[in-house]
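Dear colleague,

I am passing the structure on to you with this email, and I would be glad if you could read the notes beneath it with the coordinates open beside them.

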Amino acid sequence: LLPKRIHSSTPQNAMKRPSATCLVSLATALALCVPPSALAFVPQAGTTAAAGSHSVQQHLTPFSSTALRSTAEEAGTETKAEADSDANTKTAEVGLVTFDLDDTLYPVKVVIEEANNAFANAMHKFGYDGIQPSDIDETGKQIREEMAQTDPEKAAALSHTDLRLLAIRRQMESIRLLRSLDEVAKDWATAVSDLTPVVVENCKTFAKKEVSSSVVQAVYNAWEMERHHSAERHLYSEVIDVLKQIKEEHPNVIIGAVTDGKANPMLMTFTLAPYFDFCLSWEDDQAQRTQFFKELKSTGSDAELRWIYEAARDKYKELAETRGTLKKDRGATSASSIEEKLWIHVGDDLAYDVGGASACGAKTIHMELADKYGQTARLRFDNMNKLPAWSVTTKSELEKRKIMNLAAEQHVDARVSFMSRLPEAINDILEDSSADDDE
């Protein structure tokens, strides 16, 4: 089940043998440069040369311009054969490279922590004091667990955005309720604990009505904006150079993002935006997302994420065809040529990135990065009793995904331990694909 390539060292450049073109050039030059008069003085077969008192019989091959031209023609024939052989060897070309984002291009842990700080600050600005940054995650977990008791599929399919909006609203309602209870208790000159159930229920209703949906959205927007700013600040140091190199080595490549969250490289204007052509999120199609989690519940390892990756493939075709209409040689971007080009997906999640993309025909690179990169998402499966604070995934869901991870191992085409090795991994996949086509 090992991948074809593990990229942890730099390969040595192989020495290339000289082309037969050199022979053509040398033979042709001799044939053209030697004057006919000089050929008359070249010893012929049977000529005797005097050397003191001894005679030496020399047996020499006649030297003529005809012989030189023959040599040149033979070498030229060899060169043409080489050229024909090279033409028949089809080099694989990459048309699409897609990336996961969290823990693939930056560490998700610190990004979520800084976004949660922005959430707490925004709540304070709108008059909701006493909020801790971790409250948005803790409340989100609580909401998902409560929902899972009555509707497990709905709980699992709940998007990150919807979950955080619910968490923000619940935090606001809780603070409003406490304030309302205190005011009523003071008005009745009694303790909050002595208020009747009817009064408490009326206070809950009042608290819910007091919370403005626009304020909830504003707090969430502050969280999401900081998430993107933080991701830009914490990009792995090699990312921009790697993207530049991919663009330089494969100038016609289309680069996209496929993510299960709300991160969007097109909004990271200071870093990633210039290198990405599109972004697709799980949250773009909630119906398909719900269907996936329904399959996950009923089939376990057989559940597939084809819908999001099929959307990525369709988006690539659309962009490639549009680009082709602007080029002089439109045949280079015909439907058949687009289909022939490789698609490579890069991500850190075996189940979602490798399993999902490979099911739609993509080659895959698993980003199992060195410890210095601070990945945490893939480590959740090693110790489910100690999950990262930012993770709102239930243990039961993680157990099912662990089964999917094992099934996806066989679809890993390359593994990368250091971000700088990614262009090399892409080129190796192209090289392997070319070799497979020749066979």
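The notes below go through salt bridges, two helix packings and two backbone angles.

This is a predicted model, in which local features need pLDDT of at least 70 and side-chain atom pairs count only at pLDDT 80 or more, while totals for chains, interfaces and linings use all residues. Residues are numbered from 1 along each chain as its sequence is written, and side-chain values use heavy atoms, with hydrogens and water left out.

Salt bridges

A salt bridge is taken here as a side-chain nitrogen of Lys or Arg within 4 Å of a carboxyl oxygen of Asp or Glu, and by this rule the count comes to 15. One of them joins arginine 233 to glutamate 114, with 2.6 Å from N to O. Since arginine 233 belongs to helix α9 (residues 213–233) and glutamate 114 to helix α4 (residues 108–125), the pair ties together parts that are 119 residues apart in sequence; helices (H or I, at least four residues) and strands (E, at least two) are DSSP runs, numbered from the N terminus. Arginine 233 also meets glutamate 226 in a salt bridge, at 2.5 Å from N to O, and Glu114, Glu226 and Arg233 are thus linked in a network of salt bridges.

For accessibility, buried means under 20% relative accessible area, exposed over 50%, and partly exposed in between (1.4 Å probe, protein chains only). Within the network, arginine 233 is partly exposed at 49% and glutamate 114 is partly exposed at 21%, whereas glutamate 226 is buried at 18%.

Another salt bridge lies within helix α7, where glutamate 173 and arginine 169 are four residues apart, about one turn of the helix, and their closest N and O atoms are 3.5 Å apart. Glutamate 173 is buried, with 18% relative accessible area, and arginine 169 is partly exposed, with 22%.

Helix packing

Helix α5 (residues 135–150) packs against helix α7 (residues 160–187) at an angle of about 105°, and their axes are 8 Å apart; axes are lines fitted to C-alpha atoms, for helices over the stretch in contact, and angles run from 0 to 180 degrees between N-to-C directions. That makes α5 roughly perpendicular to α7, on a scale where angles under 35 degrees count as roughly parallel, over 145 as roughly antiparallel, 65 to 115 as roughly perpendicular and the rest as oblique. The contact (heavy atoms within 4.5 Å) includes Ile136, Ile143 and Arg144 of α5 and Leu163, Leu166 and Arg170 of α7.

Helix α14 (residues 350–358) and helix α15 (residues 395–408) likewise have axes 8 Å apart, but pack at an angle of about 45°, which makes α14 oblique to α15. Here Leu350, Ala351, Tyr352, Val354 and Gly355 in α14 meet Glu397, Arg401, Met404, Asn405 and Ala408 in α15.

Backbone angles

Two residues may deserve a look at their phi values. Aspartate 103, in the loop between β4 (94–99) and α4, has a positive phi of about 65° although it is not a glycine, and its relative accessibility of 0% counts as buried. Alanine 189, in the loop between α7 and α8 (197–210), also has a positive phi, near 55°, without being a glycine, and this alanine 189 is exposed, with a relative accessible area of 70%.

With best wishes
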